[in-house]
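Let's take a friendly tour of the pockets in this structure, and then stop at one helix. Have the model open beside you as you read.

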Amino acid sequence: MSNRGLCREASHSGTWYSASGSQLNAQLEDWLSKAQSRVRPARAIIAPHAGYTYCGACAAHAYKQVDPSVTRRVFILGPSHHVHLSCCGLSPAETYRTPLYDLKIDQKVYAELWKTGLFDRISMQTDEGEHSIEMHLPYTAKAMESRKDEFSIVPVLVGALSENKEIEYGKLLSKYLADPSNLFIISSDFCHWGHRFHYTYYDESQGEICRSIEHLDKTGMGIIEQLDPTSFTNYLKKYRNTICGRHPIGVLLNAAAELRKSGYEMNFSFLNYAQSSECRLLTDSSVSYAAGALVVH
């Protein structure tokens, strides 16, 4: 790999997902076989980034909408869980390793983004310590396997952006979202509920806690489907829902809003929703997952 520059290792393989290429391939094929192609070709998807035993089946519903025959570049926007960023960061790597095959970073687009002055260079330690982008690499490799030598990736680590910065990055990335050969993957889980997450919102009128969580999540999902960034921001301010990819979602919504101003027609639809466990007691905890896709007409 030395002649291809720095390679980011698959640091979460063997723990968050299988390190065996053949076993991982079989799991991905099984999950994808149970999902339907309903809104292809997706220009963007939202999908979770937990361990595959928790969210692999849910994520398949988003990846099933990917059309490798038209996709040549895959932007992956993931939130920074461990390192504080107030902007967005680019990887120092040139290649990302997966148990299936290696994915190459689009250095031309990276150079374009770098020239804007809006991006920081993150360290390899930060890159390999973060799971939000990595958890989409095997699914990307699988969805794109028929064109595996014909596409590149653009990983972007998204920090704790202000509302104005979400607008700024949305405008910047809108020209890439307008290109039918680009796919945007937005990495996000939904509600993290329980004392260990310091979040225990409960609307008793919905019934059991798990139903309250579902209603809360689906209220937010409905706003995302409207592609309205201001309403999504207001929803987060009102409920404080612990959607860890809220900033990548905010960037996507602002990019979509910019394109709609220019006359683009698009629609977003969620295709699957799941919870890691069903909370019934105040001592329980769970994480929610949702898969959806954006189509541009």
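Helices here are DSSP runs of H or I with at least four residues, numbered from the N terminus. Keep in mind that this is a predicted model.

**The two pockets**

| Pocket | Volume | Nonpolar lining | Polar lining | Charged lining |
|---|---|---|---|---|
| Largest | about 580 Å³ | 13 residues | 12 residues | 3 residues |
| Second largest | about 270 Å³ | 4 residues | 6 residues | 5 residues |

Begin with the largest pocket, which has a volume of about 580 Å³. Its lining counts 28 residues, and those closest to the centre are His49, His81, His131, His192 and Cys244. Helix 9 (246-261) and strand 12 (286-296) are the elements that each give two or more residues to this lining.

Now turn to the second largest pocket, lined by 15 residues, with Thr233, Leu236, Lys237, Arg246 and His247 nearest its centre. Two or more residues apiece come from helix 6 (163-177), helix 8 (229-239) and helix 9. Which of the elements gives the largest share of this lining? That is helix 8, with 5 residues.

**A closer look at helix 2**

Helix 2 covers residues 52-63, and its end C-alpha atoms span only 14 Å, whereas a straight helix of 12 residues would span 16 Å. Is helix 2 mostly covered or mostly open? It is mostly covered, as 9 of its 12 residues are buried. Among them are Tyr52, Cys55, His61 and Tyr63. The elements covering the buried residues of helix 2 include helix 1 (21-33), helix 5 (137-143), strand 11 (266-275) and strand 12.

Conventions: Residues are numbered from 1 along each chain as its sequence is written. This is a predicted model: local features need pLDDT of at least 70, side-chain atom pairs count only at pLDDT 80 or more; totals for chains, interfaces and linings use all residues. Side-chain values use heavy atoms; hydrogens and water are left out. On a 1 Å grid over the protein atoms alone, a cavity is a set of points where a 1.4 Å probe fits but cannot get out, and a pocket is an open set with protein on both sides within 12 Å along at least five of seven lines; lining residues have an atom within 4 Å of a point. Grid points are joined across faces, edges and corners, and a volume is the space filled by probe spheres set on the points. Ala, Val, Leu, Ile, Met, Phe, Trp, Tyr, Cys and Pro count as nonpolar, Asp, Glu, Lys and Arg as charged, and the others, Gly among them, as polar. The expected span of a helix is 1.5 Å times one less than its number of residues. Buried means under 20% relative accessible area, exposed over 50%, partly exposed in between (1.4 Å probe, protein chains only). Contact means heavy atoms within 4.5 Å.
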